[in-house]
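Please open the structure in your viewer and keep the selection panel at hand. The stops below say what to select next and what is there.

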Amino acid sequence: MLTINSTIKKFIAIMISTMLLLAVYFSKESEAVENQIEFKEMVINGDVGHEDKKLIREVNPNYRNIQSWISSVGAAVAINDINGDGFSNDLCMVDPRFNNVTVQSLIGEYEKFQLESTTKQTIAPMGCVPADINEDGRQDIVVYYWGRSPLAFIQKETSDPLSSESFQPKEIVENIEMYSNTLTFSDIDGDGHLDMVVGNYFPDASEVLNKNSVKKPLMQDSMSQALNGGTNRIYLWSEDQGDYLYKDVSSQVPDELLNGWTLGIGVADLNKDGLPDIYAANDFGPDRLLLNKSQPGNIDFTSLTGKKDWKTPRSEILGLDSFKGMGVEFVDLNRDGWLDILVSNIAEEYALMESHFAFINTGEWEQAEKGIAPFENQSVELGLNKSSWGWDIKSGDFNNDGKNEVIQATGFIRGEKEKWHELQELATINDELLKYPNSWPKFIPGTDISGKTENAFFIQNTKGRYGNYSDVFGSSEKKVGRGIAIADVNGDGLLDFALANQWDQSSFYLNKSKVTGNFIGVDIAYSTYLNQDSLKIKEGKDSTKKRHAVGASLEVYLPNNEILLAEVDGGSGHSGKRSHEIHFGIGDIKKKKYPARIKWRDVNGVLQEKNIEVTPGWQTIWLPMEKGEK
């Protein structure tokens, strides 16, 4: 009989005790914190008097067996300064119940209206992105769809007050049948103009929403390594495209970005070289990180993956993971001057406990020459690894205490009949069968899969760990969330947010927190309409029409040696789009001025940097149109 000596027994006992202690530490919520963050919830898409609302999509006959699964996306929201009054208090949203895109003022400046479009039953809007794509100082709105290419709604010069007639639909790319779940803007090739990155889900021409189709499209061919999804696309801005404003240059992009079932796209300059890099959050397979080495008119990317080591499972290594990527966010979480990456996956206890990601940027970018992404996943250590079935994820300092909170939209399908066990059985079948919808269990109206979970609101304690305080969501906490949009709507220095819920009413949350710290808020735009030739800083908000400097970055240096870093965001994430302003909470620090460094590309594509000083409160930074002083 096999015997174990006392030394080995002691070693085993110590190892087991250590593992139990670690399990307790990493599984418990962070220490209790006094939640001083409060919101007033307001419904933004009521359904009174709308008897024509739907709660399911009509789908290709081949998908009727999984109709609820196919109908699980489409709720989206964006907040921005669309009417040009200087405040980001305009909201654009997609409501799948009515298959429409609406624009409204959150302070009642104009009547809510619907954007006119050529949407048919076989076409469904999936999100809207405010962006000045024709560079005239007015915010246009680009809508992306299932069933067609993105469509722009160009804001006309006479648009006060805003109405549906203020916008002219315009094809900006060749229209094909594609299935987009995310879209963002940035200057990808460094020529001084906004380019467009589109993340697609189903393959082109799948006829997903055609109830009369005889075509038999497929689902993913793996639950962890699927590469048979839609083709992602990069469109470069060009004024020489004839009928179109953008040119498809996806053929120049590595296959690592093109292939996959993409639900989230993020674009940010992660290595500080002045070019935005791309992160694709992919369902059913590995996410992708592409390091940008492009030049004007010439796309060039290198694929990076995280470093393998003995302590990290392959499923949690950046670029090699096997989880269900849904949303992505860039934020300097530890305030060291490097942008980190937050990623939503499925992480629900007693259902499917994968893990959300918090990839912390180490700043060791010399490793990129070896194809290594210098990021370490610290989601477990931070307490950000679990919640539920995650979608959009966003971060901001909502009480200005100097520590960012993290919001996550969660939930999948809400119904009466629990079907998690059938989904788990599906995950075990042969991949050759998985791609055929008729091999799936029935996910039809009435199905519930993570439909009664709580959206996540993570707050950090004094020891740096996060706990989930979902009670801030009020009546929306039991709905299935999709998109999150953040902005300071009323200019009081407190971040507000909107949450788009799938097949339900959505809500706007006005920040009413009473105990707050100081903040630095910055709106960065080109001085195209002021005829200035040098950088100028104006105190407060400015209602002069703006061409926002999407991709411009700002570093602020605090006396406690923290470095604050953020970029002007062009729509990164899943189906929620934040405003263009930069906002930092700084706690009880009360200096009058703070040294900072701003980096941007001028309208000719020349990379510019300048040391400046910023002050507490809101300010507008006007950048010179062309090469000016550094």
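A residue counts as buried when its relative accessible area is under 20%, as exposed when that area is over 50%, and as partly exposed in between, with a 1.4 Å probe and protein chains only. The model is a predicted one, in which local features need pLDDT of at least 70 and side-chain atom pairs count only at pLDDT 80 or more, while totals for chains, interfaces and linings use all residues. Residues are numbered from 1 along each chain as its sequence is written, and side-chain values use heavy atoms, with hydrogens and water left out.

**The disulfide**

Begin by selecting cysteine 92, which is buried, with a relative accessible area of 0%, and add cysteine 128, which also counts as buried at 1% relative accessibility. These two residues form a disulfide (a pair of cysteine sulfur atoms within 2.5 Å), and their sulfur atoms lie 2.3 Å apart. The link is left-handed, with -135° about the S-S bond. It joins distant parts of the chain, since cysteine 92 belongs to strand 3 (residues 90-95) and cysteine 128, 36 residues apart from it, to strand 6 (residues 124-131). Strands here are DSSP runs (E, at least two residues), numbered from the N terminus. By the 2.5 Å rule the count comes to 1 disulfide.

**An open sheet**

Next, display strands 14 to 17, which make up an open sheet of 4 strands in the order 14-15-16-17, with antiparallel pairing; two strands pair if DSSP finds at least two bridges between them. The edges are strand 14 and strand 17 (301-304), each of which pairs on one side only. On average, neighbouring strands of this sheet are turned by 25° against each other, direction ignored, with axes taken as lines fitted to C-alpha atoms and angles running from 0 to 180 degrees between N-to-C directions. Strand 14 and strand 15 (residues 277-283) run antiparallel and are joined by 7 bridges; to see one facing pair, select isoleucine 265, which stands opposite alanine 280 in strand 15.

**The cavities**

How many cavities of 30 Å³ or more does a search of the whole structure find? There are 3, where a cavity is a set of points, on a 1 Å grid over the protein atoms alone, at which a 1.4 Å probe fits but cannot get out, and lining residues have an atom within 4 Å of a point. Grid points are joined across faces, edges and corners, and a volume is the space filled by probe spheres set on the points.

For the largest cavity, with a volume of about 540 Å³, select Phe330, Ser395, Ala566, Glu567 and Arg578, which lie nearest its centre among the 37 lining residues. Strand 14 (261-268) is one of the strands that each supply at least two residues of this lining, and the largest share, 5 residues, comes from strand 37. The lining divides into 18 nonpolar, 10 polar and 9 charged residues, with Ala, Val, Leu, Ile, Met, Phe, Trp, Tyr, Cys and Pro taken as nonpolar, Asp, Glu, Lys and Arg as charged, and the others, Gly among them, as polar.

Then move to the second largest cavity, which holds about 320 Å³ of space and is lined by 27 residues, with Asp187, Tyr526, Val550, Gly551 and Ala552 nearest its centre. Strand 40 gives the largest share of this lining, 3 residues.

**A loop lysine**

Finally, select lysine 215, in the loop between strand 11 (195-200) and strand 12 (233-237), which counts as partly exposed at 36% relative accessibility.

Note on methods. On a 1 Å grid over the protein atoms alone, a cavity is a set of points where a 1.4 Å probe fits but cannot get out, and a pocket is an open set with protein on both sides within 12 Å along at least five of seven lines; lining residues have an atom within 4 Å of a point.
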